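This report introduces a protein model to a reader who has not met it before. The sequence and structure are shown first, and the description follows.

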Amino acid sequence: MTGRGAIEEGRQLLPDGSGRGRVVLAGTPIGSRADASANLRATLAGAEVIAAEDTRLLRTLLLRLGVETHARIVSYFNGNELQRTPELLAELAAGRSVVVATDAGMPSVSDPGYRLVCAAIEAGHEVTCVPGPSAVLVALAVSGLPTDRFCFEGFLPRKAGERQRRLADLAGEQRTMVFFEAPHRLADFLADAAGELGDDRRAAVCRELTKPHEEVVRGGLRELAEWAAEGARGEICVVIDGAGEPDEDVDALALVQARIAAGEKLSSAVAEVAKVLGVNKKELYQQALDAR
């Protein structure tokens, strides 16, 4: 098939004799190795340098895929990313391609790779990608929540106060939100989300996506927090419904002032009104202060 609608046979991702280095972001399976593409297998097999988030996990993946490689494999993770980037830039300057592979999913998305991408672009090297599974998109697709507009928030702060403030900032976000969270912090995350976004805000906890024990639990945030308190394991994505369009007929400031007149504290009145109406708590608090 030829013409504008044709599907290309493939791209030359590895050295092409031009002497130019290239960064190749290799999307790896997020669970089932059956999701590994032929393009990924060929890229790993022909690589000269592979920067791996965990070299042991990469070698295990290669073994399971039946892929043999003569590449120089180096570790490239959050702890050494800053120090190792210049070394990888030197490989690029020498005309070699550097394949970046993280433990699961797409490099640079809440995983190592972003620093190298920026440095490579700055130095004039090409950056390309082997598409692969994405936990963000898989979780969004199976959540049952709106998919037409969404945002990815990644991991929120570990400290409760910082996490709650970040969630409060998102109370008025109208797009569907996707988060990553560690299993041992999941219950606290969901409880904080319920406190800032509302107990009944719809959400889905997606666990072990594409793996044998895949599980998607849907419900209100408070309900999910109670479920998670019993313990959850594995890789987790949380998808939370957006606030929706604010009701322009409702005067948020007037509601705050009415609650204050009834004896409620300013901070409490603002928090409750912002949660119910899905408006920005900081902005509403400032409006209430200015109106005093």
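In which sense do strand 8 and strand 10 pair, and over how many bridges? In this predicted model, strand 8 (residues 202–207) and strand 10 (residues 236–240) run antiparallel to each other and are joined over five bridges. Within this pair, Ala-204 of strand 8 has Val-239 of strand 10 standing opposite.

**The five-stranded sheet**

Strands 8 and 10 belong to an open sheet of five strands, arranged in the order 6-7-10-8-9 with mixed pairing. At its edges are strand 6 (150–155) and strand 9 (215–220), each of which pairs on one side only. On average, and ignoring direction, neighbouring strands of this sheet are turned by 20° against each other. Strands of a sheet pair through backbone hydrogen bonds, either parallel or antiparallel.

**The chain as a whole**

The chain contains 11 helices and 10 strands. Its C-alpha atoms fill a box of roughly 75 × 45 × 40 Å along the principal axes. Of its 292 residues, 43% count as buried. The chain exposes about 15,500 Å², of which carbon and sulfur atoms supply 48%. Among contacts with a separation of 6 or more, 70% come from residues 24 or more positions apart.

**Helix 4 and its surroundings**

Helix 4 spans residues 114–122, and Leu-116, Val-117, Ala-119 and Ala-120 are buried in it. These buried residues pack against four elements: strand 1 (22–26), helix 3 (81–93), strand 4 (97–101) and strand 5 (126–130). Just after helix 4, Gly-124 adopts a positive phi of about 90°.

**Salt bridges**

Side chains of opposite charge can pair when their charged atoms come close. A search of the whole structure finds 17 salt bridges, and three of them are set out below.

| Salt bridge | Closest N to O | Accessibility of the acidic residue | Accessibility of the Arg |
|---|---|---|---|
| Glu-87 with Arg-84 | 3.3 Å | Glu-87: 30%, partly exposed | Arg-84: 22%, partly exposed |
| Glu-173 with Arg-175 | 2.8 Å | Glu-173: 17%, buried | Arg-175: 29%, partly exposed |
| Asp-241 with Arg-202 | 3.0 Å | Asp-241: 14%, buried | Arg-202: 43%, partly exposed |

Where do Glu-87 and Arg-84 lie relative to each other? Both are in helix 3, three residues apart, which is about one turn of the helix. An α-helix has 3.6 residues a turn, so residues three or four places apart point the same way. This pair also takes part in a network of salt bridges that links Arg-72, Arg-84, Glu-87, Glu-91 and Arg-96.

Asp-241 and Arg-202 form a salt bridge with the closest N and O atoms 3.0 Å apart. Asp-241 sits in the loop between strand 10 and helix 9 (252–261), whereas Arg-202 is in strand 8, so the pair ties together parts that are 39 residues apart in sequence. Asp-241 counts as buried because its relative accessibility is 14%, under the 20% cut-off.

**An annotated region**

The unreviewed UniProt entry carries the annotation "domain: RsmI HTH" for residues 251–290. Over this stretch the chain is 80% helix and 0% strand, with 15 Å between the end C-alpha atoms.

Key. Residues numbered from 1 in each chain as written. Heavy atoms only, no water. Buried < 20%, exposed > 50% of the residue type's maximum accessible area, 1.4 Å probe, protein only. Helix = DSSP H or I, 4+ residues; strand = E, 2+ residues; numbered from the N terminus. Contact = heavy atoms within 4.5 Å. Pairing = 2+ DSSP bridges. Axes fitted to C-alpha atoms, helices over the stretch in contact; angles between N-to-C directions. Salt bridge = Lys/Arg side-chain N within 4 Å of Asp/Glu carboxyl O. UniProt positions renumbered as here; feature names shortened; annotations may be inferred. Areas by Shrake-Rupley, 256 points an atom, 1.4 Å probe, with all protein chains shown as cover.
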